[in-house]
Amino acid sequence: MISARVGPGGSTLLVAPVRGLTSEAALLAQALDAFRPDTVGLGTSAEEFEGLDTYFVRSGAEPIVPLSPAESSEVRGLVRFGEVSVPNPSFVRAIDWAQGQGIRVEPLDPSDDRSASLFAEHIGYLELVRRTVRERGVGRRPPAPSTPDQFALEWDREVSGGRGSRAFARARDRHLVREARRLVSDGGRVAVVVDRERFDEVRELFDREPPSTTESD
């Protein structure tokens with residue numbers, strides 16, 4: 001897991017656990033305990049947030065989660081670093097932690113419909129074909145670095161290395177940072193939790209001057 005203070009005066013804690021590893025969820029909880037935020041923002045959509053909250057935080061029994069071939073391969077590649085859980089145990093832990101503290105927790109990513117629109121805007125047919133081929137390739141030959149941090153970064157580069165995929169990711173990150181700034185403007189201490197591969201881009205965007213209010217995705 002990696003973390004940094006971002007924004008004016010380092011007022012916001014940006015935390016980026018490796019998606020899937022249960023040990024990262026424990027580290028995240030420790031970081032939140034130490035920072036004591038008044039609000040937690042998650043790098044996920046409202047729809048996914050609702051599903052995590054309903055079926056994995058508030059429910060007494062967890063449902064079975066079907067995995068795509070690429071997701072199954074990612075799990076197989078990551079499991080050598082420790083226990084792996086699906087869906088992202090760090091996000092589940094963050095929601096549970098915030099609710100246990102009686103503080104606000106909010107999704108920061110675009111809605112599923114808006115994400116689909118952004119995907120279509122930035123990723124054309126040829127890029128989609130290349131992306132599918134890359135996913136199949138990395139699924140057959142997952143990266144084998146020495147740390148989970150490197151695994152997360154290499155996996156993302158393999159799958160999302162195309163120009164259109166990078167543009168889509170950047171548009172999503174810009175939306176997240178605008179929403180996070182809104183939480184900061186409400187006052188209090190804010191912790192933002194994103195997947196490890198998003199950390200560098202989100203940190204860069206956060207540390208810039210605030211964008212114009214008319215800026216769009």
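This report walks through two helix pairs, one cavity and one pocket in a predicted model.

## Helices α1 and α4

Let's start with how helices sit against each other. Two packed helices are described by the angle between their axes and the distance between the axes.

Take helix α1, which covers residues 22–35, and helix α4, which covers residues 89–101. Their axes come within 8 Å and cross at roughly 35 degrees. If you look at the crossing, α1 passes α4 in a right-handed way. On the α1 side, the contact is made by Thr22, Glu24, Ala25, Ala26, Leu28, Ala29, Leu32 and Asp33. On the α4 side, you'll find Pro89, Ser90, Arg93, Ala94 and Trp97. Sort the residues of this contact by class and you get eight nonpolar, two polar and three charged.

## Helices α8 and α9

Now for another pair: helix α8 (residues 163–185) and helix α9 (residues 199–206). Here the axes lie 9 Å apart, and the helices pack at an angle of about 50 degrees. That angle makes α8 oblique to α9. The crossing of α8 past α9 is right-handed.

Which residues of α8 and α9 meet? From α8 come Arg170, Asp173, Arg174, Leu176, Val177, Ala180 and Arg181, and they meet Glu201, Val202, Glu204, Leu205 and Phe206 of α9. By class, this contact has six nonpolar and six charged residues, with no polar ones.

## A closed-off space

How many cavities of 30 Å³ or more does the structure hold? Just one. The largest cavity has a volume of about 50 Å³, and its lining is made of Val18, Arg19, Glu74, Leu78, Phe151, Ala152, Trp155 and Glu197.

Two elements, α3 (69–78) and α7 (148–160), give two or more residues each to that lining. The largest share, three residues, comes from α7. Split by class, the cavity lining has five nonpolar and three charged residues, and no polar ones.

## An open pocket

The largest pocket holds about 1,600 Å³ of space. A total of 48 residues line this pocket, and those nearest its centre are Arg19, Asp156, Arg172, Asp195 and Glu197. You've met Arg19 and Glu197 already, in the lining of the largest cavity.

Several helices chip in here: α3, α5 (112–122), α6 (125–140), α7, α8 and α9 each supply at least two residues of the pocket lining. What does the lining of the largest pocket look like by class? There are 18 nonpolar, eleven polar and 19 charged residues.

Methods
Residues are numbered from 1 along each chain as its sequence is written. This is a predicted model: local features need pLDDT of at least 70, side-chain atom pairs count only at pLDDT 80 or more; totals for chains, interfaces and linings use all residues. Side-chain values use heavy atoms; hydrogens and water are left out. Axes are lines fitted to C-alpha atoms, for helices over the stretch in contact, and angles run from 0 to 180 degrees between N-to-C directions. Helices (H or I, at least four residues) and strands (E, at least two) are DSSP runs, numbered from the N terminus. Angles under 35 degrees count as roughly parallel, over 145 as roughly antiparallel, 65 to 115 as roughly perpendicular and the rest as oblique. A crossing is left-handed if the near helix is turned anticlockwise from the far one by less than a right angle, and right-handed if clockwise. Contact means heavy atoms within 4.5 Å. Ala, Val, Leu, Ile, Met, Phe, Trp, Tyr, Cys and Pro count as nonpolar, Asp, Glu, Lys and Arg as charged, and the others, Gly among them, as polar. On a 1 Å grid over the protein atoms alone, a cavity is a set of points where a 1.4 Å probe fits but cannot get out, and a pocket is an open set with protein on both sides within 12 Å along at least five of seven lines; lining residues have an atom within 4 Å of a point. Grid points are joined across faces, edges and corners, and a volume is the space filled by probe spheres set on the points.
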